[in-house]
Amino acid sequence: MCGNDVRNLTYCPCVTLVTYLQQVRITHAKRMLRFTDKSIEEIGLECGIGELNYFSRVFKKLVGVSGSECKDGYSYILSDDCGGTRGQTR
């Protein structure tokens, strides 16, 4: 992604608005999965992805692991934000 600011999307034709919003929502979801006791369904709703199946599919596509794996501590063998490469240790 070209930048962290919506204004940068004008200069980055490789990222659509939908993709950018998904990335922002999933980044927020990763933090919530790691630092709260909320259910995956509650987190999906709070992040703006209301349908649990859709949230799960987008999360796995962008992060590489499921939300439940991230929540259950799989992040300890991934990067600090639960989004690294499988099998990679810290």
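Where is the place of Ser 66? In this predicted model, Ser 66 sits in the loop between helix 3 and helix 4, the latter covering residues 67-71. A loop residue might be buried or exposed, and here Ser 66 counts as buried, because its relative accessibility is 18% and the cut-off for buried is under 20%. Setting aside residues up to four places away in sequence, Ser 66 touches Phe 59 and Lys 60. Phe 59 will come up again below.

Now for the overall layout. The chain has four helices and zero strands, so to speak an α-α-α-α pattern when read along the sequence. It is 90 residues in length, and buried residues make up 30% of them. Take the contacts between residues at least 6 apart in sequence: 34% of these join residues at least 24 apart.Next comes the core. The largest nonpolar core holds 14 residues, and those touching the most other members are Ile 26, Ala 29, Leu 33, Ile 43, Phe 55 and Phe 59. Helix 1 (17-35), helix 2 (40-46) and helix 3 each supply at least two residues of this core. Ala 29 gives a handy view of who meets whom. Leaving out its neighbours within four places in sequence, Ala 29 is in contact with Ile 43, Cys 47, Phe 55 and Phe 59.

Two of those partners, Phe 55 and Phe 59, deserve a paragraph of their own. The structure holds one aromatic pair. The ring centres of Phe 55 and Phe 59 are 5.8 Å apart and the ring planes are at 40 degrees, so the pair is tilted. That label follows because planes under 30 degrees apart would count as stacked and planes over 60 as edge-to-face. Both residues belong to helix 3 (residues 52-63), where they are four residues apart, about one turn of the helix. What about their surroundings? Phe 55 counts as buried because its relative accessibility is 1%, and Phe 59 is buried too, with a relative accessible area of 0%.

How do helix 1 and helix 3 cross? Their axes come within 10 Å and make an angle of roughly 95 degrees. The two helices are therefore roughly perpendicular to each other, since angles of 65 to 115 degrees fall in that class. On the helix 1 side, the contact is made by Gln 22, Gln 23, Ile 26, Ala 29, Lys 30 and Leu 33. On the helix 3 side, the residues are Tyr 54, Phe 55, Val 58, Phe 59, Leu 62 and Val 63. Several of these names are familiar from the core, among them Ile 26, Ala 29 and Leu 33.

Gln 22 is worth a closer look. This residue lies in helix 1 and is buried, with a relative accessible area of 12%. With neighbours within four places in sequence left aside, Gln 22 is in contact with Tyr 54, Val 58 and Leu 62, and these three are among the helix 3 residues that make the contact with helix 1.

Tyr 54 shows the other end of that link. It is found in helix 3, and at 33% relative accessibility Tyr 54 counts as partly exposed. Not counting residues up to four places away in sequence, Tyr 54 touches Gln 22 and Ile 49. There is also a spacing to note: Tyr 54 and Gly 44 are 10 residues apart in sequence, and their C-alpha atoms are 9.1 Å apart in space.

Charged side chains get a turn as well. How many salt bridges does the structure hold? There is one, and it joins the side chains of Lys 38 and Glu 46, with 2.5 Å from N to O. Are these two residues buried or partly exposed? Lys 38 counts as partly exposed because its relative accessibility is 29%. Glu 46 is partly exposed as well, with a relative accessible area of 46%.

One last residue belongs to helix 1, namely Arg 34. At 30% relative accessibility, Arg 34 counts as partly exposed. Its C-alpha atom is separated by 9.8 Å from that of Gly 67, although the two residues are 33 residues apart along the chain.

Notes:
Residues numbered from 1 in each chain as written. Predicted model: local features only at pLDDT ≥ 70, side-chain atom pairs only at ≥ 80, totals over all residues. Heavy atoms only, no water. Phe/Tyr/Trp six-rings, centres within 6.5 Å; stacked < 30°, edge-to-face > 60°. Buried < 20%, exposed > 50% of the residue type's maximum accessible area, 1.4 Å probe, protein only. Core = buried A, V, L, I, M, F, W, Y, C linked by side-chain atoms within 4.5 Å. Contact = heavy atoms within 4.5 Å. Salt bridge = Lys/Arg side-chain N within 4 Å of Asp/Glu carboxyl O. Axes fitted to C-alpha atoms, helices over the stretch in contact; angles between N-to-C directions. Parallel < 35°, antiparallel > 145°, perpendicular 65-115°, else oblique.
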